[in-house]
Amino acid sequence: MAIEWEDLRKQARQLENDIDLKLISFSKFGTSYSNHRDGLSDSSPLLSNDHMFETMVVELEELLARLSRINDKMVDYTHNLGMNSGSAALLHTMQRHREILQDYSNEFRKTKSNIQQYRQREDLMGGVRRDMEGNRKSDLYLKENEHLRNSERLVDEQISIAMSTKENLQSQRSTFTQISKKMQEMSNRFPVINNLMSRINIRKKRDSLILGAVISCCVIFILWWVLR
């Protein structure tokens, strides 16, 4: 029986040492976990820390469950002994192990709760940051869209100006073409007028010659008639 009790105490002390070391690591992890999340943006990878948290929780829960079972066996052992001179010391030892288990359980729950609160807070803040980031992106998209519309409007205005200029040039070209045709027509008419003037001048000269010849003949005839 004494061997069984010592074996239970040995197992309890070993589990308590393991739990104590795990709780120290768990507490440090909680501190670094909160600081790490506070210092990072929402887009930073945190899956490894979350996985480590879940792993440490499972390990500690398993160790605490094993220690609880050992304590239950120690209770059963003391009950089987009944009341004797050594039972008081055993009860004191058993009670001490139960208090240690209770302290470890409380510390574990407190640290676990703190980390979970950090996670919930960061998830909430992360959602707010994502919404704000989404709003900023939406504003950027709207501004970019407005910029594109303004650019399209300027392009349309430039195209309208170009089309108007083209129409004006076409109108001027048509006017110049008409002027050119009129000038060509007038140019075609001028040779006819020139020819007519030339003919008039020739006829005038011819008439002058005829008139001069007639007058000369008349003068000669008169002179001949007088001198005869």
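**Exercise 1. Place H97 and decide whether H97 is buried or exposed.**

Solution.
- Start with the element: H97 lies in helix 3. The model is predicted.
- Next, take the accessibility. H97 has a relative accessibility of 6%.
- Apply the cut-off: buried means under 20% relative accessible area.
- H97 is therefore buried.

**Exercise 2. List the contacts of H97 and of M74, leaving out residues within four places in sequence.**

Solution.
- H97 is in contact with R9, A12, R13, E16, N71 and M74.
- M74 touches W5, L8, R9, A12, M94 and H97.
- Compare the lists: R9 and A12 appear in both.
- H97 and M74 also touch one another.

**Exercise 3. Describe the largest nonpolar core and find which helix gives the most residues to it.**

Solution.
- Count the members: the largest nonpolar core holds 26 residues.
- Pick out those with the most contacts inside this core: I19, F26, M74 and F108.
- Assign the elements. Helix 1 (2-38), helix 2 (47-81) and helix 3 (87-227) each give two or more residues.
- Rank the share: helix 2 gives the most, with 11 residues.
- Nonpolar side chains tend to be buried together in soluble globular proteins.

**Exercise 4. Summarise the fold and the surface of the protein.**

Solution.
- Count the elements: three helices and zero strands.
- Read along the sequence; the pattern is α-α-α.
- Take contacts between residues at least 6 apart in sequence. Of these, 82% join residues at least 24 apart.
- Check burial: 20% of the 228 residues are buried.
- Finish with the accessible surface, about 17700 Å². Carbon and sulfur atoms account for 58% of this surface.

How values were computed. Residues numbered from 1 in each chain as written. Predicted model: local features only at pLDDT ≥ 70, side-chain atom pairs only at ≥ 80, totals over all residues. Heavy atoms only, no water. Core = buried A, V, L, I, M, F, W, Y, C linked by side-chain atoms within 4.5 Å. Buried < 20%, exposed > 50% of the residue type's maximum accessible area, 1.4 Å probe, protein only. Helix = DSSP H or I, 4+ residues; strand = E, 2+ residues; numbered from the N terminus. Contact = heavy atoms within 4.5 Å. Areas by Shrake-Rupley, 256 points an atom, 1.4 Å probe, with all protein chains shown as cover.
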